[in-house]
Amino acid sequence: MTPLSPVGRLAATVDRLSREVRAAQAEAEGRALIELAKGILVARLGCGPAQAARQLAELAEQSQVTPLEFAVDVINQAARDRMSEVTDAFLAATAAAEAERSEEGEQPSAESAAVRLRAAESGALAADDTQAVADALLEQALRPLGAVAVAIWAAGSDGSLTLAGSAGFSAAEATRWRYVPPDVATVARRGLTERSGQWITSLARTGLPSVGRHQHPEGGRVAVPAGTGGRIHGVLEIAWPGPLPAQPPQVVRQVEALAELCAHTLETYTPPHGAGLEPRVLPDAAELMDLADGLHDPALVLVPHLDAAGHLADFRIQHVNNRFLDPAGRPRAVVGGALLLEAYPMAAGDSELFRSVERVYATGESFRARRMNLTALVDQVPLSAIADISISRHGNAVLLIWRIEDETARLASLLQHAQRLGRIGGFEENLLTGEITWNGQLFDLYGRPQTSTPVPLEQLASHAHPDDAVPIGRFLRTLLHHRRPASAAFRLQRPDGVTRHVRVVAEPVLDTDDRLLVVRGAYQDISAQHWTEVALAATRDQLAHTEQQSIERARLTLQLQHAIMPPAQTPLRVPDLQVAVRYRPAETEQLVGGDWYDAVMLPNRMVLLCVGDVAGHGIEAATSMVVLRNALRGLAVTGAGPGQLLSWLNIVAHHLTGGVTATAVCGLYDPVRRTLRWARAGHLPPVLVRGPEAKPLPLVRGMLLGAVAEAAYEEDEVQLAAQDTLLMYTDGLIERRDRSVEESLAQLLSTARSHPTTLDQHLDRLLTYSRSDTDDDTCLVGIRVG
């Protein structure tokens with residue numbers, strides 16, 4: 001055995017002293033029974049106490065039993081009470097449990113079952129409170145039956161139930177169930193109302209709430225009324241960790257006898273004031289239990305344990321969740337309720353677990369550590385595990401979480417998950433014995449039950465699509481004949497009619513004489529990859545076709561636009577008037593729009609000046625622009641004013657272009673009078689630059705083209721002077737996403753106030769310093785009076 005460290009020796013000493021204390025308690029209980037048996041012999045034999053003691057020892061030796069066991073026999077024969085009646089049944093019921101414990105390597109108890117039963121009775125009658133009665137019943141009488149917890153309920157005059165004592169449940173759980181109001185349906189209440197009691201196979205099947213439901217959700221429960229002299233004082237409730245089969249009548253009578261013992265204590269029991277409102281543990285620990293039960297890792301709820309001077313001495317384990325794993329394999333019931341250093345004495349050693357808990361409780365700062373050594377001491381043998389630790393404080397309680405690392409299980413789990421996610425099934429085929437091994441994923445891939453016979457490699461072609469016979473044959477020749485690793489892709493036809501695209505990879509295993517022994521490999525379902533590649537290929541073809549269509553569409557739109565508005569515009573020659581136009585296409589070809597302009601001399605010697613913007617982009621906007629531009633040219637020959645021209649153009653937009661909407665400014669300049677009559681259809685007004693000033697012309701009413709069937713447009717006239725410059729433009733010159741139209745217009749007016757030498761320079765400057773960011777077409781028309 002490995003020598004123990006100083007901390008290990010200390011832990012061993014603690015363990016030894018604890019066992020000695022328990023042995024002393026058992027000896028005290030046995031001494032009381034022996035004294036009672038000696039009293040019976042004194043009464044019956046008429047002898048003194050010393051002679052009765054000698055007689056008891058001699059009779060025990062002759063019977064080849066211990067003095068304690070013989071004393072219990074004397075008590076049973078003399079008492080002839082309810083406990084005597086059920087002793088034989090108790091012995092039969094516990095014999096199987098004793099045999100099972102012996103098979104598992106546990107040492108059978110030196111005491112007989114009869115001794116434990118009488119010790120339970122003695123402890124219950126000698127106890128000064130129901131809590132001690134619960135402890136005595138569980139340890140002496142119920143654990144041999146497989147029970148793990150007991151609760152003693154006191155019935156109130158109003159129908160309420162008070163938890164008078166419990167054992168095997170955590171203190172926090174007992175606090176929660178300290179008081180049950182009247183008319184609340186629980187297991188204990190059913191036991192109170194039904195005279196024969198409640199015998200429940202599994203608590204989960206009933207749906208009834210009860211104390212410890214988190215600790216033993218699937219366990220069996222028994223609740224029987226506890227009464228004497230025809231009066232019911234409460235209920236005895238017993239919990240088993242697993243389902244409880246039907247019990248024979250002898251065991252039922254035994255439990256009823258134990259309930260009668262509880263009734264003697266409940267006769268004088270007085271519930272404490274506010275029993276349902278005075279918890280014995282801190283509320284923080286009670287609230288933390290729900291959090292711990294919801295975690296997927298083992299968790300303990302700890303509360304401080306103070307010594308007589310009020311100093312922190314240890315931490316009590318108030319609760320362990322149902323995910324709890326102990327390094328030594330001990331059950332939850334053994335660890336729950338114990339002190340931390342008592343359950344894990346080695347926590348004070350090199351791992352510094354206790355110091356970490358103490359520091360978290362003192363500072364409130366959480367602590368985490370990876371791969372900490374977690375050690376439990378069982379029979380002076382340290383059992384260790386590697387765990388990831390997380391400690392946090394919640395109010396006045398501490399939550400300790402550990403995840404015990406099992407490297408083999410972790411790697412196996414990772415491999416299993418990887419195979420499942422990758423849709424991979426492994427196989428091994430022994431060519432000498434014909435034995436074939438498949439894992440579960442491969443059966444699922446083939447669509448066959450796991451009880452079916454695996455498919456040999458030589459029969460692979462019969463389960464594949466006929467067109468895949470060639471690659472499968474090449475795969476088998478490479479693998480079996482040439483004895484080299486090989487792979488192949490084929491279509492697997494399953495019994496359920498589903499076809500899967502599969503890739504098989506295998507390698508040969510040779511012996512020392514270079515003979516082929518085993519073939520190992522894996523199948524992978526690549527159906528998703530196959531169909532993804534097919535979809536991607538189709539998508540690429542469709543995208544290429546769509547891209548080509550888009551390029552042709554943009555090219556056609558540009559050709560149409562350039563045919564109507566050539567980039568090199570022929571200058572318009574009018575006496576005492578300079579006319580210049582600019583067109584700036586969108587930077588992105590896909591955004592070719594419907595902006596247009598015109599400047600033409602009419603037959604009546606008037607100059608038609610206009611700009612417009614058709615809503616939308618693409619070839620539809622470009623063709624609509626052509627319709628409106630040519631329509632306005634044709635209508636202007638009539639000699640009508642700009643307001644009438646826009647009214648007619650509105651009819652064209654509404655009826656003849658499929659509901660196109662557009663904005664426009666139309667002006668007629670009279671070179672003789674130097675006047676400009678103009679109208680607008682939802683468009684920004686022209687800008688007049690006179691000397692150092694630049695300002696827009698006053699607004700006139702006029703809605704956008706095509707919105708309604710008929711619309712009227714106001715006209716206005718402006719008198720121009722020598723060196724005046726008039727600008728018409730579309731919104732692509734000024735429009736920005738991050739500012740209003742008013743702010744953009746103010747920036748345009750600031751730029752227009754500068755007065756370059758020529759009109760062309762003026763328009764070029766406006767385009768150069770334009771701050772628009774919408775990537776839209778821009779049309780600009782300017783005139784300057786000579």
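Five strands line up in the order S17-S26-S25-S22-S23 to make an open sheet, and the pairing is antiparallel. Keep in mind that this is a predicted model. Below is a quick look at that sheet, the helices on it, and one residue elsewhere in the chain, Gln198.

**The sheet**
- Strand S17 (577-584) and strand S23 (693-696) sit at the edges, each pairing on one side only.
- On average, neighbouring strands here are turned by 15 degrees against each other, ignoring direction.
- As a bit of background, strands in a sheet pair through backbone hydrogen bonds, in either a parallel or an antiparallel way.
- Strand S25 (residues 725-729) and strand S26 (residues 778-785) run antiparallel and are joined by five bridges.
- Within this pair, Leu726 of the chain faces Ile783 in S26.

**Helices on the sheet**
- Helix H22 (residues 741-752) packs on the sheet and touches strand S22 (687-690), S23 and S25.
- The direction of H22 makes about 145 degrees with that of S23.
- Helix H23 (residues 759-768) lies across S17, S22, S25 and S26, and runs at about 25 degrees to S17.

**A look at Gln198**
- You'll find Gln198 in strand S4 (residues 198-200).
- Gln198 counts as buried because its relative accessibility is 13%, and the cut-off for buried is under 20%.
- The Gln198 side chain makes a polar contact with the side chain of Glu194, at 2.9 Å.
- Setting aside neighbours within four places in sequence, Gln198 is in contact with Val187, Arg190, Gly191, Arg221, Val222 and Ala223.

Technical notes. Residues numbered from 1 in each chain as written. Predicted model: local features only at pLDDT ≥ 70, side-chain atom pairs only at ≥ 80, totals over all residues. Heavy atoms only, no water. Pairing = 2+ DSSP bridges. Helix = DSSP H or I, 4+ residues; strand = E, 2+ residues; numbered from the N terminus. Axes fitted to C-alpha atoms, helices over the stretch in contact; angles between N-to-C directions. Contact = heavy atoms within 4.5 Å. Buried < 20%, exposed > 50% of the residue type's maximum accessible area, 1.4 Å probe, protein only. Polar contact = N/O pair within 3.5 Å; in protein donor to acceptor, adjacent residues only side chain to side chain.
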